[in-house]
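Here are a few exercises to work through with the model open on your screen. Try each one yourself before you read the solution.

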Amino acid sequence: MIDGQFADKGSNMGTAADWIDLSGKVAHVTGGAKGIGRGIAQALSMAGAEVMVSDINGAGAQACADEIGAAAMALDVTDSAAVDAAMAETARRLGSLDILVNNAGLYMEYGGPVRDISDEMWRTLWSVNVDGVFYCCRAGAGIMIEAGRGGRIINISSTQAVTPGVGVTYDGSKAAVAQITKALALELAPHNINVNALAPGPTWVREGEPPLTGGNQPPPSGEPLADTVANRIARLPAGHWADPIEQGKAAVFLASAMSDFVTGIYLPCDGGWLTL
Ligand SMILES: NC(=O)c1ccc[n+]([C@@H]2O[C@H](COP(=O)([O-])OP(=O)(O)OC[C@H]3O[C@@H](n4cnc5c(N)ncnc54)[C@H](O)[C@@H]3O)[C@@H](O)[C@H]2O)c1
């Protein structure tokens with residue numbers, strides 16, 4: 001075992017395996033019943049963390065937790081009082097709150113041409129994708145600061161924050177998440193709380209359906225070379241959609257000692273999407 005140069009700041013060298021070991025850490029993953037949230041919960045659990053899976057779909061959260069050996073609770077992230085209670089309950093039931101993954105989100109069903117977006121569609125999506133992230137960050141940061149043992153907050157943004165394409169409602173919400181992340185990273189660094197955004201590219205979350213083929217292909221003949229989401233997916237350099245567990249691996253990096261000196265970043269996990 002070799003001590004790091006700044007051992008007093010927690011950079012004890014250990015081994016590379018130690019750096020991704022999350023044993024003794026408690027993680028809370030919102031929107032973890034399915035899709036990317038479940039992939040992240042599973043990966044954190046595989047790295048040794050005690051995981052609390054929450055979701056507005058409480059039965060789905062429980063099913064995921066049963067599968068990966070985690071705890072579960074129902075939580076609607078748009079309810080700020082419920083968020084406060086859920087973060088406190090996580091720390092009480094599992095002993096602490098070290099890693100918070102704000103994953104719950106709504107997607108294209110509230111998008112479309114700007115003239116067709118009602119106040120209700122806008123508010124519904126932003127209440128989950130932005131208000132929910134804020135409520136969870138506020139509650140989680142409060143518990144981490146109080147406990148005084150540092151922590152990690154990982155906000156799930158999207159490549160759409162940088163390359164819009166599915167409409168102002170979703171694209172704008174994910175850019176907001178990226179900037180909320182930076183602002184919080186600045187504020188919470190003195191408390192040894194790292195705050196980062198993970199930006200998934202196309203990730204296949206439709207259970208029971210084989211992933212669409214695609215990637216490394218020219219756009220369908222006759223289709224203009226417009227910079228549409230469909231064209232980008234067809235040309236995706238990685239040649240395939242991500243599996244949710246691939247987002248989980250990136251989340252383990254951001255949750256672990258592998259990223260001790262990483263805060264305030266926007267990390268694309270996108271198979272090359274942003275190179276296009
Ligand atoms: N799948 C992709 O290609 C992709 C790409 C970029 C970013 N993302 C982001 O990743 C996150 C997860 O997306 P996904 O594709 O896995 O979606 P999904 O629809 O498969 O899963 C989302 C989960 O969030 C839950 N949820 C919805 N509203 C909630 C609320 N108010 N409170 C608590 N939970 C709630 C749902 O019940 C569901 O279990 C989202 O923030 C999404 O914007 C997804």
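**Exercise 1.** What is the handedness of the crossing of α2 and α3?

*Solution.* Keep in mind that this is a predicted model. Begin with the geometry: the axes of α2 and helix α3 (residues 58-68) cross at roughly 30° and come within 10 Å. Angles under 35 degrees count as roughly parallel, so α2 is roughly parallel to α3. Finally, look at the sense of the turn: α2 and α3 cross in a right-handed way.

**Exercise 2.** Describe how α5 and α6 pack, using an angle and a distance.

*Solution.* Two packed helices are described by the angle between their axes and the distance between the axes. For helix α5 (residues 119-147) and α6, the axes cross at roughly 15° and come within 9 Å. That makes α5 roughly parallel to α6. To complete the description, α5 passes α6 in a right-handed crossing.

**Exercise 3.** Find polar contacts of the ligand, then say how much of its accessible area the protein covers.

*Solution.* Start with the backbone. One nitrogen atom of the ligand lies 3.0 Å from a polar backbone atom of V77, and a ligand nitrogen is 3.3 Å from a polar backbone atom of I56. Next, turn to a side chain: an N or O atom of K174 is 2.8 Å from an oxygen atom of the ligand. On its own the ligand has 830 Å² of accessible area, and the protein covers 86% of this. The elements giving two or more residues to the shell are α2 (35-46) and α6 (168-188).

**Exercise 4.** How many residues surround the ligand, and which are the closest?

*Solution.* Count the shell: 25 residues surround the ligand. The closest are K34, I36, D55, Y170 and K174. Now sort the shell by character: 13 residues are nonpolar, eight are polar and four are charged.

Technical notes:
Residues are numbered from 1 along each chain as its sequence is written. This is a predicted model: local features need pLDDT of at least 70, side-chain atom pairs count only at pLDDT 80 or more; totals for chains, interfaces and linings use all residues. Side-chain values use heavy atoms; hydrogens and water are left out. A residue is near a molecule or strand if one of its heavy atoms lies within 4 Å of it. A polar contact is a pair of N or O atoms within 3.5 Å; within protein, one must be able to donate a hydrogen and the other to accept it, and residues adjacent in sequence count only if both atoms are side-chain atoms. Accessible areas come from the Shrake-Rupley method with a 1.4 Å probe; for residues, only the protein chains shown count as cover. Helices (H or I, at least four residues) and strands (E, at least two) are DSSP runs, numbered from the N terminus. Ala, Val, Leu, Ile, Met, Phe, Trp, Tyr, Cys and Pro count as nonpolar, Asp, Glu, Lys and Arg as charged, and the others, Gly among them, as polar. Axes are lines fitted to C-alpha atoms, for helices over the stretch in contact, and angles run from 0 to 180 degrees between N-to-C directions. Angles under 35 degrees count as roughly parallel, over 145 as roughly antiparallel, 65 to 115 as roughly perpendicular and the rest as oblique. A crossing is left-handed if the near helix is turned anticlockwise from the far one by less than a right angle, and right-handed if clockwise.
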